[in-house]
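Please open the model in the viewer and keep the selection panel at hand. The tour below proceeds from the ligand outward.

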Amino acid sequence: SAFALTEPQSGSDVAATATTATRDGTDYVLSGEKTWISNGGIADLYTVFARTGEAPGARGLSAFLLPADTPGLQIAERLETITPHPLARLRFDDLRLPASALIGKPGDGFRIAMSVLDVFRSTVAAAALGFARRALDEALARATSRQLFGAPMADLQMVQGHLADMALDVDAAALLTYRAAWTKDSGAPRVTREAAMAKLFATDRAQSVIDKAVQLHGGDGVRKGSTVESLYREIRALRIYEGASDVQKVVIARATIAATQGRNDR
Ligand SMILES: Cc1cc2nc3c(=O)[nH]c(=O)nc-3n(C[C@H](O)[C@H](O)[C@H](O)COP(=O)(O)OP(=O)(O)OC[C@H]3O[C@@H](n4cnc5c(N)ncnc54)[C@H](O)[C@@H]3O)c2cc1C
């Protein structure tokens, strides 16, 4: 499956979505473009967000289920990034969908997209945590096996400092990720704040942990094909997709301010 929200001119700014879905009898007619769509070109089913116009901005969007074999769906471009990831730009040219393809009610699209991201963001945090754990394992193996100045590298206090920072980041990221997952599992209606915190912290810290692992590997750290070199490239996109780190900060700040106002109102 694929989740098609981003457009060439609207990534972080979802309210700028320009793809339209116009009602025509019992159908909707879809026109526009989506880009950076994971699984684009290989998915069987796309969830597409389009403007149906119930209200201006984000409140005028709806979600549609689009089977890949629907006439009018074009895979306009395959996008290549610094690590392998199936990505495509999609085009819809007067593509017809039955009204039954609508998910929820007209105008529900933004709410649906955000509630899906609340779930996805915790999984991005978990992926980042996995990368960071692997980087720490690689760094520990290197530091305990390589001899420097007549002793294992791990005996050097500066190296220990790096290892301590990495272990702390990994455990703190794990705790935030587990809290977000646990909050969702225990039936909370929204986990916006917890998921944004987990995603922001785990992806940012994984970047730092991996960078330290590269450093501790010396020249081997940047050798093409080494594990830490590929982790170094793979982690980068996680700070951009499912909402860039900067956007997570906005989400966390808004949720924190709202919680404070709620307390003050009581
Ligand atoms: C590997 C990969 C997979 C992806 N998969 C999908 C997918 O499956 N489905 C999908 O719909 N999209 C997907 N995307 C798109 C992704 O969600 C967007 O790239 C992302 O939301 C950023 O949007 P943008 O690229 O338009 O950048 P912009 O919105 O132009 O943002 C650029 C930068 O501006 C800054 N910024 C943005 N907003 C703010 C703010 N409010 N305050 C401060 N700074 C800000 C951030 O640093 C941000 O990185 C994917 C992207 C990548 C790289």
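Begin by colouring domain 1 (2-107) and domain 2 (111-265) separately in this predicted model. Both domains give residues to the shell around the ligand, so the ligand lies between them.

Next, select the ligand together with its surroundings. The selection should contain 17 residues, and the closest include F3, T6, S12, W36 and D246. Colouring this shell by class shows ten nonpolar, five polar and two charged residues.

Now display the pockets of the protein. Which pocket holds the ligand? The ligand sits in the largest pocket. Two elements, β3 (27-38) and α5 (245-265), each give two or more residues to the shell around the ligand. Select β3 before α5: β3 contributes the most to the shell, with three residues.

Then examine individual polar atoms, starting with W36. A polar backbone atom of W36 is 3.0 Å from a nitrogen atom of the ligand. Move on to S38, where an N or O atom of the side chain is 2.8 Å from a nitrogen atom of the ligand. Finally, select G11: one of its backbone N or O atoms lies 3.5 Å from an oxygen atom of the ligand.

To close, show the surface of the ligand. How much of the ligand does the protein bury? Taken alone, the ligand exposes 970 Å², of which the protein buries 65%.

Key: Residues are numbered from 1 along each chain as its sequence is written. This is a predicted model: local features need pLDDT of at least 70, side-chain atom pairs count only at pLDDT 80 or more; totals for chains, interfaces and linings use all residues. Side-chain values use heavy atoms; hydrogens and water are left out. A residue is near a molecule or strand if one of its heavy atoms lies within 4 Å of it. A polar contact is a pair of N or O atoms within 3.5 Å; within protein, one must be able to donate a hydrogen and the other to accept it, and residues adjacent in sequence count only if both atoms are side-chain atoms. Accessible areas come from the Shrake-Rupley method with a 1.4 Å probe; for residues, only the protein chains shown count as cover. On a 1 Å grid over the protein atoms alone, a cavity is a set of points where a 1.4 Å probe fits but cannot get out, and a pocket is an open set with protein on both sides within 12 Å along at least five of seven lines; lining residues have an atom within 4 Å of a point. A molecule sits in a cavity or pocket if more than half of its atoms lie within 2 Å of its grid points. Helices (H or I, at least four residues) and strands (E, at least two) are DSSP runs, numbered from the N terminus. Ala, Val, Leu, Ile, Met, Phe, Trp, Tyr, Cys and Pro count as nonpolar, Asp, Glu, Lys and Arg as charged, and the others, Gly among them, as polar. Domain bounds come from an automatic or database domain assignment.
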